[in-house]
Amino acid sequence: MIHPLFFNQKLSVAVVLIITIVAPIAGYFSIGLPPVIIVGGSACIAFICWYKTYLKNPVSPSVILPLFVLTVAALQIHIIEEYQMGFAPAMSRLFGIPWSEKSFLMVFALVGPTIYTLTSLGLYYRIPIAGFVAWFIFIGPGVAEFTHFIFPLITPDLLANDPHPITHSIAGSVIENMPNYYYKTTGRYYFPGMWTAILPMIPGCFAIFKLLILHKKIHRTR
């Protein structure tokens with residue numbers, strides 16, 4: 001007789017695969033390719049790590065939950081800097097994508113915290129999908145935030161030599177006050193979110209290390 005847990009794991013894998021595929025595709029059509037590469041890449045790596053570790057052996061809430069909460073709290077502080085300094089319109093100018101501040105707030109200030117709250121509850125009850133979200137957060141903000149240090153070196157798609165904010169129509173959407181943070185134009189090495197990018201990276205990277213070491217210990221005892 002097949003154990004019911006088998007079906008729970010298979011269902012979780014199916015749901016996570018759908019999310020991993022559909023979410024980047026939806027993001028591509030609504031925002032553009034560059035952010036999707038970062039988010040989609042993080043999701044694919046998170047899926048592999050989650051599948052190899054948490055799916056079959058959910059980690060004790062006493063281990064993973066504090067790490068997740070700390071990473072999310074640091075991420076929210078990071079998002080404050082991004083919003084204050086115009087991350088979304090700056091990305092729009094950099095890559096020529098229609099990313100408005102309203103869209104940024106909807107995803108990162110409203111939908112995101114809702115998902116994080118439900119994930120915390122899921123980790124407490126060792127729900128498999130919650131483990132995937134946790135791995136995604138550890139890898140995304142935990143590792144991928146280093147891209148903030150690369151953005152000032154990339155030539156903007158729109159008026160790279162103009163240091164002033166611009167308003168422009170991109171893919172049918174008018175994006176207002178797009179700042180230019182190109183280092184060669186401004187002489188200042190900065191991009192929105194760069195100074196606080198390290199905050200979620202610290203608990204995120206530690207969580208990855210901790211979970212992988214724990215997985216190896218469990219694997220050796222079997």
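This is a short walk from a nonpolar surface patch to the nonpolar cores of the structure. The model is predicted.

Start at the surface. Ile18, Ile21, Val22, Ile25, Tyr28, Phe29, Leu33 and Ile37 form a nonpolar patch there. Together they have about 840 Å² of accessible area. Two elements give two or more residues to this patch: helix H1 (4-30) and helix H2 (33-52). H1 gives the most, with six residues.

Take one member of the patch, Ile25. Isoleucine 25 lies in helix H1. Its relative accessibility is 43%. Partly exposed covers the range between 20% and 50%, so isoleucine 25 counts as partly exposed.

Now turn to the interior. The largest nonpolar core has 43 residues. Trp50, Trp135 and Phe138 touch the most other members. Many helices feed this core. H1, H2, helix H3 (61-85), helix H4 (87-95), helix H5 (101-124), helix H6 (128-143) and helix H8 (198-220) each supply at least two residues. H6 gives the most to this core, with eight residues. H1 and H2 therefore appear twice: they give residues to the surface patch, and they supply residues of the core.

Look more closely at Phe138. Leaving out residues up to four places away in sequence, phenylalanine 138 touches Ile64, Leu67, Phe68, Thr71, Val143, Gly204, Ala207, Ile208 and Leu211.

Apart from the largest core lies another one. This second core has five residues, among them Leu158, Ile166, Ile170 and Met178.

Key
Residues numbered from 1 in each chain as written. Predicted model: local features only at pLDDT ≥ 70, side-chain atom pairs only at ≥ 80, totals over all residues. Heavy atoms only, no water. Patch = residues over 30% accessible without salt bridge, like charges linked within 9 Å, V, L, I, M, F, W, Y side chains within 5 Å. Areas by Shrake-Rupley, 256 points an atom, 1.4 Å probe, with all protein chains shown as cover. Salt bridge = Lys/Arg side-chain N within 4 Å of Asp/Glu carboxyl O. Helix = DSSP H or I, 4+ residues; strand = E, 2+ residues; numbered from the N terminus. Buried < 20%, exposed > 50% of the residue type's maximum accessible area, 1.4 Å probe, protein only. Core = buried A, V, L, I, M, F, W, Y, C linked by side-chain atoms within 4.5 Å. Contact = heavy atoms within 4.5 Å.
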